[in-house]
Amino acid sequence: MEHQKEKTKSNLSKWLNTSITARLLMVGFLTLILLIPLSYINSLIKERGDRQKDVVNEINSKWGKEVLLYGPILKIPYKSYKETTIYNEKSKKHKTEIETNIEYAFIFPEQLNVTSNVNSKKLKRGNFESAVYTSVMKLKGFFIEPNLTTKNILDKDILWNKATYIVKTSNLKGIKGETKINSNGKDYTFETNFNEQTRNTLDELESNYIKESDVPKTDEDKMSFDLNITFDGSELLQIIPIGKTTHLKMASNWGNPSFIGEFLPIDSSKKITQNSFDAEWKVTHLNRAFSQQYLNAIPDLKRYAFGAKFLIMVDEFQQSERSAKYGFLVIGLTFLLFFLIQTLSKINIHPFQYLMIGLALTMFYTLLVSISEHSNFLKAYTIAGSSVIILITLYSKSILNYWKFPILISLSLTALYIFIYTIIQLENYALLVGSIGLFIILAIVMYVSRKIEWTN
């Protein structure tokens, strides 16, 4: 019985060592096994990426959040009347009562010119950093006397002596210093206006009352304004084009802007260098689908916002995550290379040695993530890739005895890592380059394996 067991064991061992089918099954099984550490590595990358976002959000919350500016808007109270008919049981007569309420009209400016000078920098905490800035914004323009008769509001019901200016923003905390608006030569101070209407939207500043004598009496008269406001903000700077004509000029010492939102800057105005950018936008009322007058509430027009995003171009965790998605490909192709060498050269490679090579390949990603937290992605990728290639090359020498096969493996891994790095850096052509590369790899494998006897 024991002799039979020994014979069976010997036959199984011989089959595993000599059968091409057995080696293929073994390589496939080990490749699937190595998906387990790859999944843990993907979780690690995601965890570190989430940690980065938390730290960046903490930095931004203390310095100042992203800035969205919506204003100035002219807020005009007016009287509205509601008739109520009451039936008197005793007198058997109907009595009409008129209730007077105060409602508000919100008027957007005819002309809005915004100049924003943005001084940007990076703030670091530990291994993470965020783009922050101080923006000095100058808003100039004018209103004309609104014609509210089209809204069934009589001139006598308009309370001009209670009119105010409204400015809405996403970053009340980031405002530096006292904020005033100069209108027709007179200063009006802003105060924070908290109410239920604005609690869950944008924060609101409201000026003190405008005197009736300051209001234009004809359409030819202009109610000009001049507002200077300074923000400490982060990542985004946008405005909403509420002027009938809105013109924005933005200049910054930041060399990696992304122009975002509903409208793009004028092409001829864009000047982007390594350390700065300048851009101009011009938006008219014909370019956006909203009115210059609203009753009762200021509409939510954030979807029409535009401006610039201050990017930190290298997102190491995003690139590491993209790199890790090719982990299965790297392991599979490396195992395939060893399988072809083993089959063509008749050199025996133990499953344990395949496993060690696979674990070395997975170590590339942990090295990449950990080093990229302290350096740029290219340097981290080069160090991690070189370390793994050298390790596998030296280990292959001990397995395969001769240098020609380890050198082939080293060159193949180098080409594969360069290929993956190229795909990661590409955006528009990543799929095209990746497809062509994989086609070439498949053609090489088919050519090399054409003379293998697969019947064993």
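In this predicted model, Thr246 is found in strand S12, which spans residues 245–252. With a relative accessible area of 0%, Thr246 counts as buried, because that value falls under the 20% cut-off. Leaving aside neighbours within four places in sequence, the residues in contact with Thr246 are Leu112, Ile239, Pro241, Trp281, Lys282 and Val283. A further pairing links distant parts of the chain: Thr246 and Asn113 are 133 residues apart in sequence, yet their C-alpha atoms are separated by 5.9 Å.

It is helpful to set this site against the chain as a whole. The protein chain has nine helices and 17 strands, and 43% of its 456 residues count as buried. Among contacts between residues at least 6 apart in sequence, 76% join residues at least 24 apart. The chain exposes about 25,200 Å², of which carbon and sulfur atoms supply 55%.

Turning to the interior, the largest nonpolar core contains 62 residues, and Tyr70, Met137, Tyr165, Met250 and Phe310 have the most contacts inside it. Strand S1 (residues 67–88) gives the most to this core, contributing eight residues. Apart from this core lies another, made up of 39 residues, including Phe335, Phe339, Tyr365 and Leu413. As for Tyr70, its contacts beyond four places in sequence are with Phe108, Val167, Lys168, Leu202, Ile240, Ile242, Ile298, Pro299 and Leu301.

Among the helices, H7 (residues 377–400) offers a clear view of its span. Its 24 residues reach 33 Å from the first C-alpha to the last, close to the 34 Å expected at 1.5 Å a residue. The buried residues of H7 are Phe377, Ala380, Tyr381, Ala384, Gly385, Val388, Ile389, Ile392, Thr393, Ser396, Ile399 and Leu400. Asn401 follows H7 and has a positive phi, near 75°.

Helix H9 brings the description to the surface. In soluble globular proteins, nonpolar side chains tend to be buried together. Here, however, a nonpolar patch on the surface is formed by Leu344, Leu432, Ile436, Phe439, Ile440, Ile444, Tyr447 and Val448, which together have about 800 Å² of accessible area. Helix H9 (residues 430–448) gives the most to this patch, with seven residues. Phe439 lies in this helix and counts as exposed because its relative accessibility, 59%, is over 50%.

Terms used: Residues are numbered from 1 along each chain as its sequence is written. This is a predicted model: local features need pLDDT of at least 70, side-chain atom pairs count only at pLDDT 80 or more; totals for chains, interfaces and linings use all residues. Side-chain values use heavy atoms; hydrogens and water are left out. A nonpolar core is a set of buried Ala, Val, Leu, Ile, Met, Phe, Trp, Tyr and Cys residues joined through side-chain atoms within 4.5 Å. Buried means under 20% relative accessible area, exposed over 50%, partly exposed in between (1.4 Å probe, protein chains only). Helices (H or I, at least four residues) and strands (E, at least two) are DSSP runs, numbered from the N terminus. Contact means heavy atoms within 4.5 Å. Patches are made of residues with over 30% relative accessible area and no salt bridge: like charges are joined within 9 Å, nonpolar side chains (Val, Leu, Ile, Met, Phe, Trp, Tyr) within 5 Å. Accessible areas come from the Shrake-Rupley method with a 1.4 Å probe; for residues, only the protein chains shown count as cover. A salt bridge is a side-chain nitrogen of Lys or Arg within 4 Å of a carboxyl oxygen of Asp or Glu. The expected span of a helix is 1.5 Å times one less than its number of residues.
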